[in-house]
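Subject: Structure handover

Hello,

Here is the structure for you to look at. My notes on it follow below.

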Amino acid sequence: MQDVTNLIGVLVLFCGIYCLYAAFQMKVRGEINTSLLLTKELMYKTCKDKEAYIQEMFPTLLIFAVATTLCGALDVINSYVVEVSIPYFISLGVFLITFVLFVTKSSKLRKKYY
């Protein structure tokens, strides 16, 4: 069972890296990552104001991506390298807060722009 929980840290790390990539796509290329930010019903609808959506969503996505990557990295370090329990639990709390912020903000912006 311990091996499965160690694997979750690796998955969280890769999810954080994917979120960083999605934030990069959004800011540099102006592309909205539909699989991360939109529901299946909204994937093929056009955004009312794409630039404004990106402007509002980018900071939240970036904060969530950094928190997720950090939490995953600390979990991997905690599981495979050396025990860093206190920083890991702090990063887990930050991750949970940013997750709620991300879900709330993305839901609000979906209603506003789609």
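Helices here are DSSP runs of H or I with at least four residues, strands are E runs of at least two, and both are numbered from the N terminus. Please keep in mind that this is a predicted model.

**Overall fold**

By that count the chain has four helices and zero strands. Along the sequence the pattern reads α-α-α-α. The C-alpha atoms fill a box of roughly 50 × 25 × 20 Å along the principal axes. For contacts with a separation of 6 or more, 72% join residues 24 or more positions apart.

**Surface and charge**

The chain has 114 residues, and 38% of them count as buried. Its accessible surface is about 7100 Å². Carbon and sulfur atoms hold 69% of that area. On the charge side, there are 11 positive and 8 negative side chains. The centres of these two sets are 12 Å apart.

**Core**

The largest nonpolar core has 25 residues. Which members touch the most others? They are M26, L37, Y53, M57, L61, Y113 and Y114. Three elements give two or more residues to this core: α1 (2-29), α3 (50-80) and α4 (85-113). The largest share is that of α3, with ten residues.

Y113 deserves a separate look. Leave aside its neighbours within four places in sequence. Y113 is then in contact with T46, C47, K48, D49, A52, Y53 and E56. One of these partners, Y53, is itself among the core members that touch the most others.

**Cysteines**

How many disulfides does a search of the whole structure find? The result is zero. Take C15 and C19 as a worked case. For C15, the closest cysteine sulfur is in C19, 6.7 Å away. The reverse holds too: the sulfur of C19 has C15 as its closest, at 6.7 Å. A disulfide needs the two sulfur atoms within 2.5 Å, so a distance of 6.7 Å is too far for a bond.

Are these two residues buried or exposed? C15 counts as partly exposed, because its relative accessibility is 45%, which lies between the 20% and 50% cut-offs. C19 counts as buried, because its relative accessibility is 5%, under the 20% limit.

That is the set of findings for now.

Best wishes

Key
Residues numbered from 1 in each chain as written. Predicted model: local features only at pLDDT ≥ 70, side-chain atom pairs only at ≥ 80, totals over all residues. Heavy atoms only, no water. Core = buried A, V, L, I, M, F, W, Y, C linked by side-chain atoms within 4.5 Å. Buried < 20%, exposed > 50% of the residue type's maximum accessible area, 1.4 Å probe, protein only. Contact = heavy atoms within 4.5 Å. Areas by Shrake-Rupley, 256 points an atom, 1.4 Å probe, with all protein chains shown as cover. Lys, Arg positive; Asp, Glu negative; His and termini not counted. Charge placed at Lys NZ, Arg CZ, Asp CG, Glu CD.
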